[in-house]
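Biologist: Before I accept any label attached to this model, I would like to hear the reasoning behind it. Could we go through the terms one by one?

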Amino acid sequence: MNTRKILLISDDKDLVSIVNTSSLTLTKLNCQISLESVSDLEGSLDRSKAVNLDLIIADNDLRDIDLKELFRGIRKSEDSKSKKIICLYQENSDPDFNKKEIFESGCDSVMTKEEFKRVVNNVLVF
């Protein structure tokens, strides 16, 4: 069985805990998931270049990282064009949040953190 490799870019302890718990649960159910969590721009760009990375989940609440620039940087690499990128945001927390700009920068999916928490197992598996 192949291991799904996932990069979580967030400093939200609650979100990191939920994703970590879900990945451990799925691993016990014979769905191998390897999760790595970072919260800085340099680490994010570095880790996103991993050839065997399947999914990148990025938290828009990180104020030190411009996600649009991060996504463009990730998509520039030939190895990263097929990686799935999900952007999470806190509903009503950022009035300047623009889904269209996020999609145009290379993101595949945008959802609220609450939506993500409800479907985290499905997202990690597929």
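Modeller: What follows is a conversation about a predicted model, in which each term is set against its cut-off.

Biologist: Let us begin with the whole chain: what is the order of its elements from the N terminus on?

Modeller: The protein chain has 5 helices and 5 strands, and from the N terminus on they run β-α-β-α-β-α-β-α-β-α.

Biologist: What makes the protein chain as compact as a globular protein of its length?

Modeller: Its radius of gyration is 14 Å, and the globule rule gives 14 Å for 126 residues, so the chain is as compact as a globular protein of that length. The C-alpha atoms fill a box of roughly 40 × 35 × 20 Å along the principal axes, and 40% of the 126 residues are buried. Among contacts between residues at least 6 apart in sequence, 71% join residues at least 24 apart.

Biologist: Why is Ser-48 called buried or exposed?

Modeller: Buried means under 20% relative accessible area, and Ser-48 has a relative accessible area of 2%, so Ser-48 is buried. This serine is found in helix 2, residues 41-48, and, leaving aside neighbours within four places in sequence, Ser-48 is in contact with Leu-7, Leu-53, Ile-56, Ile-74, Ser-80 and Lys-83.

Biologist: And how do you know on which side of the cut-off Ser-23 falls, buried or exposed?

Modeller: The relative accessibility of Ser-23 is 4%, and with the cut-off for buried at under 20%, Ser-23 therefore counts as buried. Ser-23 is found in helix 1, residues 13-28, where, not counting residues up to four places away in sequence, Ser-23 touches Ile-33, Leu-35 and Leu-124.

Biologist: Why, then, is Arg-118 described as buried or exposed?

Modeller: Exposed means over 50% relative accessible area; Arg-118 has 65%, so Arg-118 is exposed. Arg-118 is found in helix 5, residues 113-125, and its C-alpha is 18 Å from that of Thr-27, the two being 91 residues apart in sequence.

Biologist: What is the phi of Asn-30, and why is this residue called buried or exposed?

Modeller: Asn-30 has a positive phi of about 70 degrees although it is not a glycine. Asn-30 is found in the loop between helix 1 and strand 2 (33-38), and its relative accessible area is 53%, which lies over the 50% cut-off, so Asn-30 is exposed.

Biologist: Turning to the interior, what makes a set of residues a nonpolar core, and which members touch the most others in the largest one?

Modeller: The residues must be buried, of the nonpolar kinds counted, and joined through side-chain atoms within 4.5 Å. The largest such core has 19 residues, of which Ile-9, Phe-71 and Cys-87 touch the most other members. Strand 1 (4-9), strand 3 (55-59), helix 3 (67-76) and strand 4 (84-89) each supply at least two residues of this core, and helix 3 gives the most, with 4 residues.

Biologist: Which residues are in contact with Phe-71?

Modeller: Leaving aside neighbours within four places in sequence, Phe-71 is in contact with Ala-58, Ile-85, Cys-87, Ile-102, Ser-105 and Cys-107. Apart from the largest core lies another, of 16 residues, among them Cys-31, Ile-33, Ile-86 and Met-111.

Conventions: Residues numbered from 1 in each chain as written. Predicted model: local features only at pLDDT ≥ 70, side-chain atom pairs only at ≥ 80, totals over all residues. Heavy atoms only, no water. Buried < 20%, exposed > 50% of the residue type's maximum accessible area, 1.4 Å probe, protein only. Contact = heavy atoms within 4.5 Å. Rg over C-alpha atoms; globule rule 2.2 N^0.38 Å.
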